[in-house]
Amino acid sequence: MEQKNRLKESREELQAVFDGIWDGISVIDRGFNIRRVNRGILEVFNKSGFSDIMGRKCYAEYFGEDKVCDGCPALSAIEKGKANHLTRVLRKGDKDTVFDIYAFPLTGRDGTV
C-alpha cells in the first residue's frame with residue numbers, strides 16, 4: 001500500500017510541475033488526439049476546464065482545421081523521431097497571436113515513438 005501512495009504522490013507532484021509551467025504544453029498521440037494538457041493551454045485557448053479539450057484533435061482545437069496542419073511539427077516528430085519546430089500566426093478578429101510550436105517525440109519502453 002505504501003508503494004501505491006508514493007506513486008500517487010509522485011504523479012501529483014509531476015502534475016503540479018506540469019501545470020506550473022506557464023507556456024502551454026500538450027501531449028498528443030499518433031492520431032493527433034489531445035491526451036494531456038497543462039493549465040497554460042487552457043489559458044491560451046480560453047478553455048474553462050480540461051474536459052473542454054481532452055480527447056479532441058489538436059488541429060481542430062488549436063487552429064480550427066479539419067485536418068493535420070501544413071508543416072505540423074508533431075507529424076514530423078512522430079515520423080522522424082526527432083524534435084521539430086514551427087512558428088504559426090493565428091488571427092482572431094483583429095488580433096494576431098504568434099505561436100512557437102515545439103514538438104518532441106515521446107518514446108515507449110520498446111523505443112517506438
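Reader: How far apart are the closest N and O atoms in the salt bridge that E12 forms with K8?
Author: Ground rules up front: this is a predicted model, where local features need pLDDT of at least 70, side-chain atom pairs count only at pLDDT 80 or more, and totals for chains, interfaces and linings use all residues. Residues are numbered from 1 along each chain as its sequence is written, while side-chain values use heavy atoms and leave out hydrogens and water. A salt bridge needs a side-chain nitrogen of Lys or Arg within 4 Å of a carboxyl oxygen of Asp or Glu. For E12 and K8, the closest N and O atoms sit at 3.8 Å.

Reader: Which helix holds both E12 and K8?
Author: Helices (H or I, at least four residues) and strands (E, at least two) are DSSP runs, numbered from the N terminus. E12 and K8 are four residues apart, about one turn of the helix, and that helix (residues 2-20) is α1.

Reader: Is K8 buried or exposed?
Author: Buried means under 20% relative accessible area, exposed means over 50%, and partly exposed is in between, using a 1.4 Å probe and protein chains only. Its partner E12 has 46%, so E12 is partly exposed. K8 comes out at 51%, so K8 counts as exposed.

Reader: Which residues are linked with R56 in a network of salt bridges?
Author: One bridge joins R56 to E61, with the closest N and O atoms 3.9 Å apart. R56 itself is partly exposed, at 40% relative accessibility. The network also takes in a lysine, giving R56 the partners E61 and K47.

Reader: How many residues apart are R88 and E65?
Author: These two form a salt bridge with closest N and O atoms 2.8 Å apart. The pair links distant parts of the chain, since R88 is in strand β3 (residues 84-92) and E65 is in the loop between α3 and α4 (73-80), and the separation is 23 residues.

Reader: Which ring does R88 lie over?
Author: A charge sits over a ring if NZ of Lys or CZ of Arg is within 6 Å of the ring centre and within 35 degrees of the ring normal. R88 is 4.3 Å from the ring centre, over the face of F63.

Reader: Why is the pair of F63 and F99 edge-to-face?
Author: Rings of Phe, Tyr and Trp (its six-membered ring) pair if their centres lie within 6.5 Å; planes under 30 degrees apart are stacked, over 60 edge-to-face, and the rest tilted. The search of the whole structure turns up four such pairs. In this one the centres are 5.6 Å apart, and the pair is edge-to-face because the planes stand at 85°.

Reader: Which residues join F63 and F99 in one aromatic cluster?
Author: F63 is in helix α3 (residues 58-63) and F99 in strand β4 (residues 95-103), 36 residues apart. Both are buried, F63 at 14% and F99 at 13%. The cluster is completed by F45 and Y62.

Reader: Which residue's backbone oxygen lies 3.1 Å from a polar side-chain atom of N38?
Author: N38 is in the loop between β2 (34-37) and α2 (39-44), buried at 0% relative accessible area. Contact means heavy atoms within 4.5 Å, and beyond its neighbours within four places in sequence N38 touches F18, D19, I21, D23, G24, I25 and F50. Among them, the one supplying that backbone oxygen is I21.

Reader: In what order do the elements of the protein run?
Author: There are four helices and four strands. From the N terminus on, the order is α-β-β-α-α-α-β-β.

Definitions and conventions. A polar contact is a pair of N or O atoms within 3.5 Å; within protein, one must be able to donate a hydrogen and the other to accept it, and residues adjacent in sequence count only if both atoms are side-chain atoms.
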